[in-house]
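Please look through the sequence and the model before reading on. The report below is meant for a reader who has not seen them before.

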Amino acid sequence: MATVKISTTLGDIVVKLYDETPLHRDNFLKLAEEGYYNGTIFHRVIKDFMIQGGDPNSKNPTPNGSYGTGGPDYTIPAEIIPGLYHKRGALAAARQGDEVNPERRSSGSQFYIVWGKTYNAGQMGQLDKQMQMMAQQAIFNKLVADNKTKIMELRRARDREGLMELQQELEAQTYAISKEQGVQGLTPEQKEIYQSVGGTPHLDTQYTVFGEVIEGLDVVEKIQNTATKPGDRPKEDIFMTVAVIEK
């Protein structure tokens with residue numbers, strides 16, 4: 001089992017890397033062995049959500065510096081695996097948004113560790129419906145993108161009736177695809193995890209989860225509780241060094 005220690009200003013965090021995500025596992029091990037992360041900071045911290053680091057530009061940070069855009073000159077193909085959830089303590093890869101990154105490729109170096117929150121049964125029911133709607137919206141958005149040229153032609157022609165007919169057609173296709181794919185909300189396993197352990201369920205299927213904290217979850221809690229300034233950067237920089245324990 002590949003394990004890595006993230007030593008921070010506030011304590012040590014040990015993570016295991018999943019064999020189910022070999023591209024992310026091997027890349028993280030490679031960067032750790034090279035000392036790539038040493039001297040960087042957790043540049044983005046949001047209470048009850050997550051802590052993020054891995055920007056090489058954050059070495060020797062300036063007091064008013066803004067970080068979060070740095071990384072190596074490559075991205076990693078998404079390895080979004082069913083059953084690897086954004087539970088509390090999950091290690092996941094940051095990435096650019098869908099609008100410029102529809103393949104959901106991961107940053108070459110930036111990562112985040114989930115904190116999130118726990119949910120009661122009522123909240124899970126509401127979230128379940130939201131997840132179904134989000135999945136259907138994603139299908140509809142892709143269909144709209146695929147029909148962009150046709151939509152623009154109808155708009156230029158000011159053909160409102162044609163636009164309405166196309167929208168109804170795309171909505172019907174969305175329903176058919178959703179039914180065919182068995183689009184659902186949260187699985188029973190997800191519901192159990194987010195009610196007992198906690199996390200950030202709305203990120204599932206959106207980002208690659210490639211590991212989890214096995215020691216030092218209390219350190220993650222300390223970091224996510226730290227005071228931040230505008231831009232979500234901690235007021236007191238939290239530095240890290242990352243070392244491989246076992247490959």
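What follows describes the chain as a whole, then its sheet, its helices and two single residues.

This is a predicted model, in which local features need pLDDT of at least 70 and side-chain atom pairs count only at pLDDT 80 or more, while totals for chains, interfaces and linings use all residues. Residues are numbered from 1 along each chain as its sequence is written, and side-chain values use heavy atoms, with hydrogens and water left out.

**The chain**

The protein chain has 6 helices and 13 strands. Both kinds of element are DSSP runs numbered from the N terminus, helices being H or I with at least four residues and strands being E with at least two. Along the principal axes, the C-alpha atoms fill a box of roughly 60 × 40 × 35 Å. Of the 247 residues, 44% are buried; buried means under 20% relative accessible area, exposed over 50%, and partly exposed in between, with a 1.4 Å probe and protein chains only. Among contacts (heavy atoms within 4.5 Å) between residues at least 6 apart in sequence, 76% join residues at least 24 apart.

**The sheet**

An open sheet of 9 strands runs in the order β3-β13-β1-β2-β10-β7-β9-β5-β4, with antiparallel pairing. Its edge strands are β3 (40-41) and β4 (44-46), each of which pairs on one side only. Two strands pair if DSSP finds at least two bridges between them. Three of the pairings are listed here.

| Strands | Bridges | A facing pair |
|---|---|---|
| β1 and β13 | 6 bridges | S7 and T241 in β13 |
| β3 and β13 | 2 bridges | I41 and F239 in β13 |
| β5 and β9 | 4 bridges | Q52 and Y112 in β9 |

**Helices on the sheet**

Helix α1 (residues 22-34) lies across β1, β2, β7, β9, β10 and β13, and runs at about 115° to β13. Helix α6 (residues 217-224) lies across β1, β2, β4, β5, β9 and β10, and its angle to β2 is about 115°. For these angles, axes are lines fitted to C-alpha atoms, for helices over the stretch in contact, and angles run from 0 to 180 degrees between N-to-C directions.

**Two helices that cross**

Two packed helices are described by the angle between their axes and the distance between the axes. How do the axes of helix α2 and helix α5 cross? The axes of α2 (residues 121-146) and α5 (residues 188-196) come within 10 Å and cross at roughly 135°. That makes α2 oblique to α5: angles under 35 degrees count as roughly parallel, over 145 as roughly antiparallel, 65 to 115 as roughly perpendicular, and the rest as oblique. In this contact, A121, M124 and D128 in α2 meet K191, Y194 and Q195 in α5. These residues divide into 3 nonpolar, 1 polar and 2 charged. Here Ala, Val, Leu, Ile, Met, Phe, Trp, Tyr, Cys and Pro count as nonpolar, Asp, Glu, Lys and Arg as charged, and the others, Gly among them, as polar.

**Two single residues**

A121 is found in helix α2. With a relative accessible area of 55%, A121 is exposed. A121 and Q195 are 74 residues apart in sequence, and their C-alpha atoms are 7.3 Å apart in space.

T200 is found in the loop between α5 and β10. Is T200 buried or exposed? T200 counts as buried, because its relative accessibility is 3%. Leaving aside neighbours within four places in sequence, T200 is in contact with F49, H86, V114, G116 and Y194.
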